[in-house]
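Work through the exercises below with the sequence and the model open. Try each task before reading its solution.

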Amino acid sequence: MKNTPEVQRMFDQMSEIAEHLTSGYRIETTRYCEGEYVSLRIRKPADTEWAVYPEIYFSDDWYGIESVRFGIATTGYGDHSLRQAQRVTTGLLAATNLVQNLYMIAEVAGFTIK
């Protein structure tokens with residue numbers, strides 16, 4: 001996305017909400033083309049005995065249409081035990097809660113949600 005004060009404010013709020021939710025996800029801002037463009041990198045927490053966390057991706061708006069899109073990458077490897085299914089569910093709930101909050105921040109900031 002174009003590195004504007006509005007985008008930077010939105011990214012800062014997204015980073016703060018990730019910390020506030022204490023799910024372990026961290027959001028970093030990455031700058032490209034000598035700072036003219038910015039993007040988000042969402043780092044997932046390490047898996048624990050209680051949760052398996054999916055990756056969350058941010059799709060960049062390189063064309064100036066001010067849109068925001070996130071994706072949650074789920075992976076399945078056949079049948080799971082009850083315990084493993086609970087760990088996956090806990091991680092998915094943390095990821096979906098974070099993405100829901102990120103979309104809300106983007107919408108309030110006036111960006112199009114895809």
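The exercises go from the overall fold to single residues.

This is a predicted model, in which local features need pLDDT of at least 70 and side-chain atom pairs count only at pLDDT 80 or more, while totals for chains, interfaces and linings use all residues. Residues are numbered from 1 along each chain as its sequence is written, and side-chain values use heavy atoms, with hydrogens and water left out.

**Exercise 1. Describe the overall make-up of the protein.**

Step 1. Helices (H or I, at least four residues) and strands (E, at least two) are DSSP runs, numbered from the N terminus. The protein has two helices and five strands.

Step 2. Along the sequence these elements follow the pattern α-β-β-β-β-α-β.

Step 3. Along the principal axes, the C-alpha atoms fill a box of roughly 45 × 25 × 25 Å.

Step 4. Buried means under 20% relative accessible area, exposed over 50%, and partly exposed in between (1.4 Å probe, protein chains only). Of the 114 residues, 34% count as buried.

**Exercise 2. Work out the sheet that contains S4, and place H2 on it.**

Step 1. Two strands pair if DSSP finds at least two bridges between them. The order S3-S4-S5 gives an open sheet of three strands with mixed pairing.

Step 2. Strand S3 (55-59) and strand S5 (112-113) each have a single partner strand, so one side of each is left without a neighbour in the sheet.

Step 3. S4 (residues 67-73) pairs with S5 in the parallel sense over two bridges. Within S5, Ile113 is the residue opposite Val68.

Step 4. Helix H2 (residues 82-108) lies across S3, S4 and S5, and runs at about 180 degrees to S4. Here axes are lines fitted to C-alpha atoms, for helices over the stretch in contact, and angles run from 0 to 180 degrees between N-to-C directions.

**Exercise 3. Which residues do ring pairs link into a cluster?**

Step 1. Rings of Phe, Tyr and Trp (its six-membered ring) pair if their centres lie within 6.5 Å; planes under 30 degrees apart count as stacked, over 60 as edge-to-face and the rest as tilted. The structure holds four aromatic pairs.

Step 2. The ring centres of Phe58 and Phe70 are 5.3 Å apart and the planes stand at 50 degrees, so this pair is tilted. Phe58 belongs to strand S3 and Phe70 to strand S4, twelve residues apart.

Step 3. Phe70 also pairs with Tyr103, edge-to-face, at 5.3 Å centre to centre and 80 degrees between the planes. This pair joins strand S4 to helix H2 across 33 residues. Both Phe70 and Tyr103 are buried.

Step 4. The cluster consists of Phe11, Phe58, Phe70 and Tyr103.

**Exercise 4. Check the length of H1 and find what its buried residues pack against.**

Step 1. The expected span of a helix is 1.5 Å times one less than its number of residues. For the 17 residues of H1 this gives 24 Å, and the end C-alpha atoms are 24 Å apart, which agrees.

Step 2. The buried residues of H1 include Val7, Met10, Phe11, Met14 and Ile17.

Step 3. Contact means heavy atoms within 4.5 Å. The buried residues of H1 pack against strand S1 (26-32), strand S2 (37-43), S3, S4 and H2.

**Exercise 5. Describe the surroundings of Lys2.**

Step 1. Lys2 lies in the segment before helix H1 (5-21). Its relative accessible area is 38%, which makes Lys2 partly exposed.

Step 2. Not counting residues up to four places away in sequence, Lys2 touches Val7, Glu36, Tyr37, Val38 and Asp61.

Step 3. The side chains of Lys2 and Glu36 are joined by a polar contact of 2.8 Å. A polar contact is a pair of N or O atoms within 3.5 Å; within protein, one must be able to donate a hydrogen and the other to accept it, and residues adjacent in sequence count only if both atoms are side-chain atoms.
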